[in-house]
Amino acid sequence: MATPFDKIVFEAAQRVRIGWYTGQKLLAQRLAKPVKLPERLRGRDMPGRERLVADLRELLERDWRNIEAGLYAMPEDLEGGLTAELRRAVDFFSDLGAVEARRHGEAKDRVLHGAPEGRYPRYYLQNFHFQSDGYLSEASAERYDHQVEVLFGGGAAAMRRQALVPLRTALLRRNGEARAARLLDIGCGTGALLREVKRNHPRLAVTGLDLSAPYLAVAGRRLADWSRVELTEGAAEDMPFEAAVFDIVTCIYLMHELPPRTRREVAAEIARVLKPGGTLILVDSLQSGDVPDYDGLLDFFPVGFHEPYYGSYLAENFDAVLGSEFTREASDLAYFSKVLTYRRTASGENRHNM
């Protein structure tokens, strides 16, 4: 049960956190050259700093209300301590010059070269966010979470935690049988979500799937304190799992990095591995029209941060992508993110039991 003192601690920690990452974001912007806007983006309205700060505060207020209500535990910020956080900040700024060179360079500079031929799908071989090595090096894996927190001014972890709300609902639905449930996190990356899942539901069996061995190595270290954890290297569109073996599937900030055809292949795989009646939790970027004042900023994002498939994502209809095998239960917005919750329909039961 959260106490008034817990609230003081939470608010103080979040103020420090937001100041720390926002300060780095502002410094990085001052060190960067302005991006030349395409004609279609010139003159577009975009939310100002005051609006973004106000919306971030609203996210943190919701975060606290969830903690106060017992929906999930207080976060553990500054993972690894102050020394580790300072090291990550130094590394972030050390890599900034290379990021800027790609941002203002040629298209060929944004594609990875030298990756093992045939091991990865072509769409994956990108320097997403202009980051060095894409998702295929230890340095990138160590840098990624810090880079994303700077991008969102310290709000990324709080947005991600919103997945814990429908997760708790899905587990409560099982009438005390949570220990027998299995969760799959697709595109688990460095294990940021799975770490929060295990902190809140330590008896839950979890599996993380990702294409990047270096990112899975970081996830393994983050999850080393818990049992009932499996990490598997593989593609979301061709999962190495049997049919109908998971009770819950989470998909966190993956869909916007996939081409449209691959999104549909991933949706088919989710339908295959998720049990009838199981829960799918999608957390990803806002889409066009979710918050109309943000639409200009969303359209700028793939230009400023090299997300080659983001434009098609903005117009994607996930009800249609998932099809009749899923029923949407809930939809919610959280700062730059949206949280979609679906149930696997009973029609899948007939298919799996044939």
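In this predicted model, the side chains of E76 and R195 come together in a salt bridge, with a distance of 2.9 Å from N to O. Because E76 belongs to the loop between α2 (49-68) and α3 (81-103) while R195 belongs to helix α7 (residues 192-200), the pair ties together parts that are 119 residues apart in sequence. The two partners differ in their surroundings, since E76 is partly exposed at a relative accessible area of 46%, whereas R195 is buried, with a relative accessible area of 10%.

Helix α7 also holds a second pair, in which the side chains of R199 and E196 meet in a salt bridge of 3.0 Å, again taken from N to O. Here both residues lie in helix α7, three residues apart, which is about one turn of the helix, and E196 is buried, its relative accessible area being 9%. These pairs do not stand alone, for E76, R195, E196 and R199 are linked in a network of salt bridges.

Elsewhere in the chain, the side chains of E316 and R264 form a salt bridge at 2.7 Å, N to O. This pair links distant parts of the chain, with E316 in the loop between α11 (310-314) and α12 (318-322) and R264 in helix α9 (residues 260-273), 52 residues apart. E316 counts as buried at 11% relative accessibility, because buried means under 20%, while R264, at 39% relative accessibility, counts as partly exposed.

The pairs described above are among the 30 salt bridges that a search of the whole structure finds.

Definitions and conventions: Residues numbered from 1 in each chain as written. Predicted model: local features only at pLDDT ≥ 70, side-chain atom pairs only at ≥ 80, totals over all residues. Heavy atoms only, no water. Salt bridge = Lys/Arg side-chain N within 4 Å of Asp/Glu carboxyl O. Helix = DSSP H or I, 4+ residues; strand = E, 2+ residues; numbered from the N terminus. Buried < 20%, exposed > 50% of the residue type's maximum accessible area, 1.4 Å probe, protein only.
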